[in-house]
Amino acid sequence: MAHAASNSPSVTFESPPSSFRAMGLWLRSYVNRILASANSCRRNRSRCCKRTFNRDVEAEELQDTSTVCLSSYYSVFMVRLAIMVMLAILIGMLTLLTWHFTKVYTQRSLDTLAYGLRFELLQRPMLRMWNIINSTVEITTAQVKLSEYVIRRYSKPVNQAQQVELYEVMRDVTWALFASQRALSSITINYRNGFVQAFHRDHRSNKTSYIYSDLVNYSINGYDADTRSSHQGWNDQSIHGNMSAIWYRQPLDPVTGEKIGKSSPIPPDELINIAGISQIPDGAASWHVAVSKYTDSPLLSAALPVWDSSKESIVAVVGVTTALYSVGQLMKELVGFHSGHIYLTSQEGWLLATSSNTPLLMNSTTGPKLMMAVDSEDRVIRSGAEWLQRVYGDKFPLNDEVHIEHARLGHQLYYIDSFFLNLKRLPMVGVIIIPRKYIMGRVDERAFKTLVVLISASVCILVVGCVCIFVLTNGVSKEMKLRAELISHLDARRKAEASSNYKSQFLANMSHELRTPMAAVIGLLDILVCDDCLTNEQYANVTQIRKCSTALLRLLNNILDLSKVESGKLVLEETEFDLGRELEGLVDMFSVQCINHNVEIILDLSDDMPKLVQGDSARVVQIFANLISNSIKFTTSGHVILRGWSENPNSVLSSGKCSISQKDSWPGQKMKLKLHGSHGKRSLKKENKMVLWFEVDDTGCGIDPSKWESVFESFEQADPSTTRLHGGTGLGLCIVRTLVNKMGGEIKVEKKNGPGALMRLYLILSTPADLNGAGKHCQFKFKEHKLTMVLALNGRMGRSTMAQWLQKNLVHTYEASEWNELTQTLQEHFKASYMHIPPGEFSESDQMHTQGISISVVVIVIVIGLLELSTDIWKEQLAYLDKYSSIAKFAWILNHDTPNAIKAELRWRGHLLMVSRPLYKAKIVQILEAVIKDQQMELQKYVTATIEGNLNECHEIDAIHSWTPSSDDSDKSERDDLRLASPFYRTPNASPSLNRTPNGHHAEFAHVRYEENACNKKSPGQTRQEEQQSPITCLKERDTVRISTSMDEQSSLKGLRILLAEDTPVLQRVATIMLEKLGAKVVAVGDGLQAVEALKFLLHSSELRKESPVEDDNSEIITANGLSLLPYDLILMDCQMPKMDGYEATKAIRKSELGSGSHIPIVALTAHAMSCDEAKCLEVGMDAYLSKPIDRKLMVSTILSLTKRTA
Amino acid sequence: MDGVILLQKQLVDYSTSLYKEGFLDDQFKQLQQLQDESNPDFVVEVVYLFFEDSERLLNELSKTLNQQIVDFKKVDAHVHQLKGSSSSIGAQRVQKVCIAFRNYCEEQNTEGCLRCLQLVKHEYSLVKNKLETMFKLEKQVLAAGGSIPMH
């Protein structure tokens, strides 16, 4: 196989390296490849080197990959080689086996055939031989029998005549026999008396002759004389020695036996051997092979004695001679047909007959002699005989056959077979030599050809296979390389993702953990700020620290929010809230910040905005808080407008902008709507989903168009310098975008005319189904009242926005931006009447007619800033305005820092309508409502101070920031920020609960104030505020009593009954004391089971409680409010407790509540500080979450926020 | 009177050292703030509650941990309780060891748990001694007629 492979020229290096040539090729190509790869490596390296200057790492990586490639190449190469070798071995074995089996089986069957043939071939001459011998014996026997018969007839011849007659008869008889057997060479009868009769046939000349001896020489009595000693009388000498005897030969006609010529005398034994008595020494038949001078073939002669009638003496000897010539002839014929050589030898090795023409006799000095087979002139016979002799020597296996298949005689292979013919007295050996070529020649040739064909075929297959393997493995190795690369890339990506995950996880955890200390720091700073004994410098420093801490806390909150959103843990609530009110609160808050910046903040919501929407109010507010604070940050002067409208083709903002025209630039939104298709729109309708559009428009520095997308990325700011100038982390907008996306909306920076940036977003919020019709602002019917308004506002944008809106609602509006303009307007339109009618006494209808304008009510809205507050001129200005008080109502827009003296003055002058900045629609509506109500009351001539006071205080409360005139404004704004993002605010359901009461935001602000109170208890302004506030809240029926009671920090939880489930005695004690100090009544239980039972027991007994009023004041209030019949207002539940843990207990409590419809707030207390625990707490039905150790303030605010909801 | 002032100073120094050495943290201060006329012995009461509770828990812990097959859930619950109560009184060193203890608990590392138990016991006895010394000082101050200075 391997040889074949090496012979094939198409074999390349892939062939098994077992042959030298292939090996050489293979090695050469191998070396070439290595060189090539080394070259490429070097090239790589050189390429790397070029980059080394700045890209060391990359270069190393490249190097690494190249070496990796090289090694992987080698391994692939080795694998390829191994596969090829195996293939080669396989094919080689297949070929060999095929060849072997085909060859062996044909050879075996051929051998069997050939053996038969050889046997047959040899058998035939042997048979002929046997026949010859047999016939010779038969003839001899017949002759003997006949001779005996004749001689018995003529026994005791008495005379010559009888003797002659006897001989005559004998001659005839003998002739008859001789003539019948044509194969006989001669028959001789040798009588006792020496007389010889013989017939001889020369086959070559086809002459037959009768030989007889001269009768006269023999006595008739010869017989008698020798009767006793018959043997003595018989000797060859009597014949041979009797040279005087004359023999005659008479040619005969071979067919008839007629004498055809004259007999001629011949010397005795001239022609033939006459069998004499010597040849039958024991009187039995004898055989021998004789030679004669006249024939060149050996003769087989047999001799038998003829006994006399008494069987006592031999009277004659009959000899029959047959030439073996015919056997040779037969052999020749056979061999001529089949090729090969046959010969017969006697046992001693004398050659009897051969198939060749070579002489069988050897002429020697003593006459012709038989020759040995080894002396045969025929080369093949001689060498065959020699070979046999060499192999078997003298110990020729008698009675055995010899078959030799691969005898090399000369240059050829022969089959040699010999058979031993065991005749009595003449054992013979027949040998046949057939050249192998004759039998197997074709087979061998065919076998060789088959082998060649097979080998060449297998070589072809091998070559093709190797090429295939090479090609395939090439592809596979490439693919493997690619796959490995891909895997490593995936791995790297997974690692990167994991690390980013870890990062956000870490950030989330860290910020979560950091918030607590931060809250503590801020709280302590608050305490410090309230301390009286601080010097101014210290106070400034502490304020600074306070600001920084707040900023830090905000950052932490941002990170927490972001990571919460990123990790998908942010779940938006679905609660109902008043969007307008939320946004108003927001604007209120930010307006404080804007005062210092000289920035006007305007809220412009279209009237078709739904009043109530479903969603996560905290998150919505967060979105706008972030956007607005962002805008304010970058706006030094001008305005920030928050516009809002719902997606409705008819919706037109009061500013006159048509919203629909801008929708083209929103491919995303359009696509989404298209995606929904027609039924999508329907489904939007069906689910009461609403697309609400908002924009935040500012006049700040603007955003470069190239950054419009990237500003929403984390830690991305439009201008790197902004961090220096404005601070911030760049997380705000990112949070906004994630939140907006979460709410199904989109946010984008829009192109804007003029300076500043315009952010536009839309949110998909659902509106409560039943409120769909009533969703719009319950619009005050301005038309009916024929209102006229004078807007004396110094902010241009806000004023024009407001004026447009008012005009749209059919309210006559006059605008003025400064004092002089105001006076002018007033003079022009109202012709200031100098008659000073006291309030309540003027006739409105008269006035109307004198003005010639159909006005019923005139409202003048004036910003306090229009007055000259720096000097005392403002009092004169007020006096001037008083002139119009008869015909108009004044509404003052106060700043947050408006001194109380001014307020008192205004109140004194009867200007009771006061609202704080900024002015937005709800406030206008409020003012108008109050005015109209007032008007109506005046008309009815019924004025009560209480209502005045109520109105007064009502609006005063609106002015949320008027409560601490002494405190720093920016500080407050910071606090508002804190409020927005404070954990309290994140408590679920906190804000929606506030929205439920129509006066909700009042309560909220009061509550906020309370919270601030908690840390500002020593502030002197505070106490004043409290004094001021407590009567108000008392007057308000809708406000909860609890707020008034909570004014006092020491007893902020007064009246609350709290069930504390805590197993650790220490904690139980601490918490109990803590709560009791805050005025709450605490019942402590040791585990969840007890808590559940305590609750159950009291649930049942609550029926009793309802009937019998309890003497406890607090509970009386609760029951009086009719809001809670539960004995406990709240449960503080430790999470890990024996018997039943907090989660289980909560589940049990919630389950028992299912039927009753009540909901007792449960606050988790846990030492776990991870956010997932919080999630778990909320999941089982807890309302809030406090971590140990308990922070008092946090606990108080949490408890309050939860208990207030039930109130 | 000087003696009282001296005692007071000693007490203040001692408690400051406790904060500085990290035996106590702000939570203890909060406890002290909670103490007033209505609960004159609140701090002592709570601290002794803590002692009782801790001793019970430590006994339970050593019992549980010395068993053939350690019930880590039980151990974890005990340690959690100990952590809660120690953090409630502000014994932060005990609390910190508790955190490590719980980690070992989660790993089900008996050896680590036993080591932590020893540590907790050690810390507990330390803080107990310190607190008792402080209370003694306070008593002395009170006995001498002075008031306990607030920090």
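# Questions on a predicted two-chain model

Visitor: What is the relative accessible area of R581(A)?
Guide: R581(A) is partly exposed in this predicted model. The label applies between the cut-offs of 20% for buried and 50% for exposed. The relative accessible area of R581(A) is 25%.

Visitor: With which residue does D578(A) form a salt bridge?
Guide: D578(A) has 7% relative accessibility, so it counts as buried. Its closest N and O atoms in the salt bridge are 3.7 Å apart, and the cut-off is 4 Å. The partner is R581(A).

Visitor: How many salt bridges does a search of the whole structure find?
Guide: Side chains of opposite charge can pair when their charged atoms come close. Some salt bridges here are linked in a network, which takes in R643(A), E695(A), D697(A), E750(A), K752(A) and R760(A). Over all chains, the number found is 22.

Visitor: How far apart along helix α10 of chain A are R483(A) and E479(A), in helical turns?
Guide: R483(A) and E479(A) form a salt bridge whose closest N and O atoms are 2.5 Å apart. E479(A) is partly exposed, at a relative accessible area of 41%. The two residues lie four residues apart in helix α10 of chain A, so their separation is about one helical turn.

Visitor: Which residue of the D53(B) and R56(B) salt bridge counts as buried?
Guide: Both residues lie in helix α3 of chain B, three residues apart, and their closest N and O atoms are 2.9 Å apart. R56(B) has 40% relative accessibility and counts as partly exposed. At 3% relative accessibility, the buried residue is D53(B).

Visitor: How far from E138(B) is the nearest side chain of opposite charge?
Guide: E138(B) lies in helix α6 (residues 110–143) of chain B. Leaving aside neighbours within four places in sequence, its contacts are L11(B), Q32(B) and I148(B). E138(B) is buried and has no salt bridge. The nearest side chain of opposite charge belongs to K139(B), at 9.0 Å.

Visitor: How are α2(B) and α3(B) placed relative to each other: parallel, antiparallel, perpendicular or oblique?
Guide: The axes of helix α2 (residues 26–34) and helix α3 (residues 42–65) of chain B come within 8 Å and cross at roughly 130°. Residues that meet include F28(B) and L31(B) from α2(B), and F42(B) and V43(B) from α3(B). The angle lies between the limits of 115 degrees for roughly perpendicular and 145 for roughly antiparallel. The two helices are therefore oblique.

Visitor: Which residue in the loop between α5 and α6 of chain B has a positive phi although it is not a glycine?
Guide: The loop follows α5 (92–107) and leads to α6 of chain B. The phi in question is about 60°. The residue is Q108(B).

Visitor: Which strands stand at the edges of the sheet of eight strands in chain A?
Guide: The strand order in this open sheet is β5-β4-β3-β2-β1-β8-β7-β6, with antiparallel pairing. Two strands have a single partner each, so one side of each is left without a neighbour in the sheet. These edge strands are β5 (264–266) and β6 (286–290).

Visitor: How many bridges join β7(A) to β8(A)?
Guide: Strand β7 (residues 299–307) has eight of its nine residues buried, so it is largely enclosed by the rest of the structure. On the β6(A) side, five antiparallel bridges join the strands, and S286(A) has A303(A) as its bridge partner. Towards β8(A), the partner of W307(A) is I314(A). The number of bridges between β7(A) and β8(A) is nine.

Visitor: Which residue in β4(A) stands opposite I211(A)?
Guide: Strands β3 (residues 207–213) and β4 (residues 247–252) of chain A pair in the antiparallel sense over six bridges. Opposite I211(A) stands R249(A).

Visitor: What separates the C-alpha atoms of L525(A) and T543(A)?
Guide: L525(A) is in helix α10 (residues 436–530) of chain A, and at 7% relative accessibility it counts as buried. Not counting residues up to four places away in sequence, L525(A) touches V542(A), I545(A), R546(A) and S549(A). L525(A) and T543(A) are 18 residues apart along the chain, and their C-alpha atoms are separated by 8.0 Å.

Conventions
Residues are numbered from 1 along each chain as its sequence is written. Chains are lettered from A and ligands numbered from 1 in the order in which they are written. This is a predicted model: local features need pLDDT of at least 70, side-chain atom pairs count only at pLDDT 80 or more; totals for chains, interfaces and linings use all residues. Side-chain values use heavy atoms; hydrogens and water are left out. Two strands pair if DSSP finds at least two bridges between them. Buried means under 20% relative accessible area, exposed over 50%, partly exposed in between (1.4 Å probe, protein chains only). Lys and Arg count as positive and Asp and Glu as negative; His and the chain ends are not counted. Contact means heavy atoms within 4.5 Å. Axes are lines fitted to C-alpha atoms, for helices over the stretch in contact, and angles run from 0 to 180 degrees between N-to-C directions. Angles under 35 degrees count as roughly parallel, over 145 as roughly antiparallel, 65 to 115 as roughly perpendicular and the rest as oblique.
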